[in-house]
Amino acid sequence: MEKKEQDSSLTYERKNFWKEAPKADQEAAMDYATGYKNFLNEAKTERESVKWIVNELKKHKFVELGGEKGSKKVYGIFRGKTMAIAVLGSEPIVNGFNMVASHIDTPRVDLKQNPLFEDGPSQMLCAQTHYYGGIKKYQWVSTPLALHGVVIKADGSTVEINIGEKEDDPVFVIPDLLPHLARKQQMGKTIGEAISASHMKLIFSGKVEPEAEVKQAAKVYALEILNELYGIKEADFLSAELYLVPAGKARDAGIDRSMVLAYGQDDRSCAYTSLTALLANLDAKPKRTMIAYFSDKEEVGSQGATGAHSVFIQDFVSDLMEHNGECNSSANLRKAFINSQILSADVAAAINPNYPGVHEKQNAVIFNHGIGISKFTGAGGKSSCNDADAEFTAKVIKIFNEADVLWQMGSLGKVDEGGGGTIAYILANLGAKVIDCGVGLMGMHSLYELSSKADVYSTFKAYKAFLTSD
Ligand code: MN
Ligand code: MN
């Protein structure tokens with residue numbers, strides 16, 4: 001019997017970027033990472049992200065929605081923590097828009113509202129903390145931390161705090177227990193129990209005010225410094241939002257520099273790629289209005305005024321319709337969302353060589369193979385999932401293929417291994433077609449997450465193609 005030639009068009013295989021992508025794309029991917037790292041360094045909180053993005057928008061002559069009439073490039077900010085950007089298309093918004101929706105909050109450790117106390121046994125000034133989002137607490141001890149946030153003073157003025165990022169800034173630390181004495185406290189416990197929230201007291205300072213009669217001499221000494229630097233008092237902490245984040249910069253990783261190691265790539269990899277994708281489309285003149293949405297509070301369930309559950313994004317689209325000279329009645333606003341297509345831009349879990357067993361390899365994201373598409377998220381029997389329909393999933397794949405974007409399918413992990421969610425279902429509840437897709441990370445939610453420059457660049461290309469699609 002004659003040997004039959006294998007018809008490769010019948011089978012599916014994902015492609016390795018460094019093998020299959022054109023040389024120009026490979027170079028562009030390496031260059032693109034420079035701007036990406038800058039963003040990661042300068043925007044470590046949602047407020048800093050909003051400011052950074054607005055700064056970029058001003059360079060491109062965007063105006064705030066509700067201001068100058070007639071501009072096709074507008075943005076809206078809500079409470080300083082969430083925002084949306086739009087570039088108007090040639091067709092009415094009621095016919096549907098194209099949106100890429102990411103989040104700009106990140107797991108971190110917050111200071112409690114009344115944080116400072118003098119610790120008796122150690123005689124140090126410490127700060128009580130309260131973690132935010134899904135962290136593994138053991139990672140946050142004995143590592144340099146920077147303090148970011150805002151303090152609103154009694155007179156209503158805002159003081160921005162950023163300590164620990166400059167080369168000569170001091171940093172903060174939550175000291176871990178030495179192994180010599182950890183046998184009972186830590187070593188026999190599970191990794192989740194070894195460090196509890198009450199073991200996350202931050203060392204704030206150590207010097208004392210030398211005046212003999214001063215009570216709480218360590219606290220007074222630190223408050224004198226804070227008052228001199230920022231004009232704040234202890235009572236100002238009560239309303240403040242102060243976050244501890246890993247100090248230090250995004251770095252190239254690997255001998256080939258093909259990766260980025262940095263804090264907060266969940267989800268700022270998708271925020272940056274969606275912003276730059278929108279900006280790269282300014283001359284595109286698409287039919288559909290392009291929107292990039294940056295939500296807050298995703299890491300704690302997307303609730304509240306600035307989370308994706310908030311009315312903000314609907315209000316933004318409503319104002320946008322008015323700005324575009326369209327009737328923004330409740331029915332029209334509903335139709336606009338129902339006719340829209342949205343990429344829920346969030347990171348995926350890439351296969352980690354240390355723990356390949358948590359994934360089902362054929363349906364997991366692997367580094368260097370492009371943007372990861374997740375038809376559904378959730379846990380167990382697809383519980384709480386958004387499930388993009390087959391039609392929309394196929395359409396997104398077609399858009400990516402036509403733009404020569406490398407992509408791969410990726411579910412979060414093996415069925416019953418765990419699970420997670422994104423903001424996809426929230427926007428899908430408004431009737432829009434929504435699918436998850438974003439950059440695959442190793443070490444997601446750790447202090448330093450790892451990404452592939454090939455995947456970050458592929459994600460940029462994917463969002464760019466999607467935003468201008470019909
Ligand atoms: Mn995320
Ligand atoms: Mn996350």
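Where is the place of Asp267?

**Conventions.** This is a predicted model, in which local features need pLDDT of at least 70, side-chain atom pairs count only at pLDDT 80 or more, and totals for chains, interfaces and linings use all residues. Residues are numbered from 1 along each chain as its sequence is written, chains are lettered from A and ligands numbered from 1 in the order in which they are written, and side-chain values use heavy atoms, leaving out hydrogens and water.

**Exercise 1. Place Asp267 and describe the peptide bond that leads to Asp267 from Asp266.**

Solution.
- Step 1: Asp267 sits in helix α7 (residues 265-280). Helices (H or I, at least four residues) and strands (E, at least two) are DSSP runs, numbered from the N terminus.
- Step 2: The bond from Asp266 to Asp267 is cis. Its omega is near 10°.

**Exercise 2. Work out which parts the salt bridge between Lys51 and Glu160 ties together.**

Solution.
- Step 1: Apply the criterion. A salt bridge is a side-chain nitrogen of Lys or Arg within 4 Å of a carboxyl oxygen of Asp or Glu. The structure holds 16 of them.
- Step 2: Take the distance. The closest N and O atoms of Lys51 and Glu160 are 2.2 Å apart.
- Step 3: Locate both ends. Lys51 is in helix α3 (residues 46-59) and Glu160 in strand β8 (residues 158-163), so the bridge ties together parts 109 residues apart in sequence.

**Exercise 3. Describe the salt bridge of Asp387 with Lys375, then the surroundings of Phe376.**

Solution.
- Step 1: The closest N and O atoms of Asp387 and Lys375 are 2.7 Å apart.
- Step 2: Asp387 lies in the loop between β17 (378-379) and α10 (390-402), and Lys375 in the loop between β16 (371-374) and β17, so parts 12 residues apart in sequence are tied together.
- Step 3: Check accessibility. Buried means under 20% relative accessible area, exposed over 50%, partly exposed in between (1.4 Å probe, protein chains only). Asp387 is partly exposed at 37%. Lys375 is partly exposed at 25%.
- Step 4: Turn to Phe376, in the loop between β16 and β17. Phe376 is partly exposed, at 26% relative accessibility.
- Step 5: List its contacts (heavy atoms within 4.5 Å). Leaving out residues up to four places away in sequence, Phe376 touches Lys382, Cys385, Asn386 and Asp387.
- Step 6: Compare sequence with space. Phe376 and Ser411 are 35 residues apart in sequence, with C-alpha atoms 7.3 Å apart.

**Exercise 4. Characterise helix α10 and its packing against α12.**

Solution.
- Step 1: Within α10, Glu402 and Lys398 are four residues apart, about one helical turn. Their side chains form a salt bridge (3.2 Å, N to O). Glu402 is exposed at 58% relative accessibility.
- Step 2: α10 and helix α12 (residues 453-467) pack at about 110°, with axes 9 Å apart.
- Step 3: α10 and α12 are therefore roughly perpendicular.
- Step 4: Read the interface. Phe392, Val396, Ile399 and Phe400 in α10 meet Ala462, Ala465 and Phe466 in α12. The contact residues divide into seven nonpolar, no polar and no charged. Ala, Val, Leu, Ile, Met, Phe, Trp, Tyr, Cys and Pro count as nonpolar, Asp, Glu, Lys and Arg as charged, and the others, Gly among them, as polar.

**Exercise 5. Is Asn368 buried or exposed?**

Solution.
- Step 1: Asn368 is in the loop between β15 (348-349) and β16.
- Step 2: Asn368 is buried, with a relative accessible area of 18%.
- Step 3: Phi of Asn368 is near 70°, a positive value in a residue other than glycine.

Conventions
Axes are lines fitted to C-alpha atoms, for helices over the stretch in contact, and angles run from 0 to 180 degrees between N-to-C directions. Angles under 35 degrees count as roughly parallel, over 145 as roughly antiparallel, 65 to 115 as roughly perpendicular and the rest as oblique.
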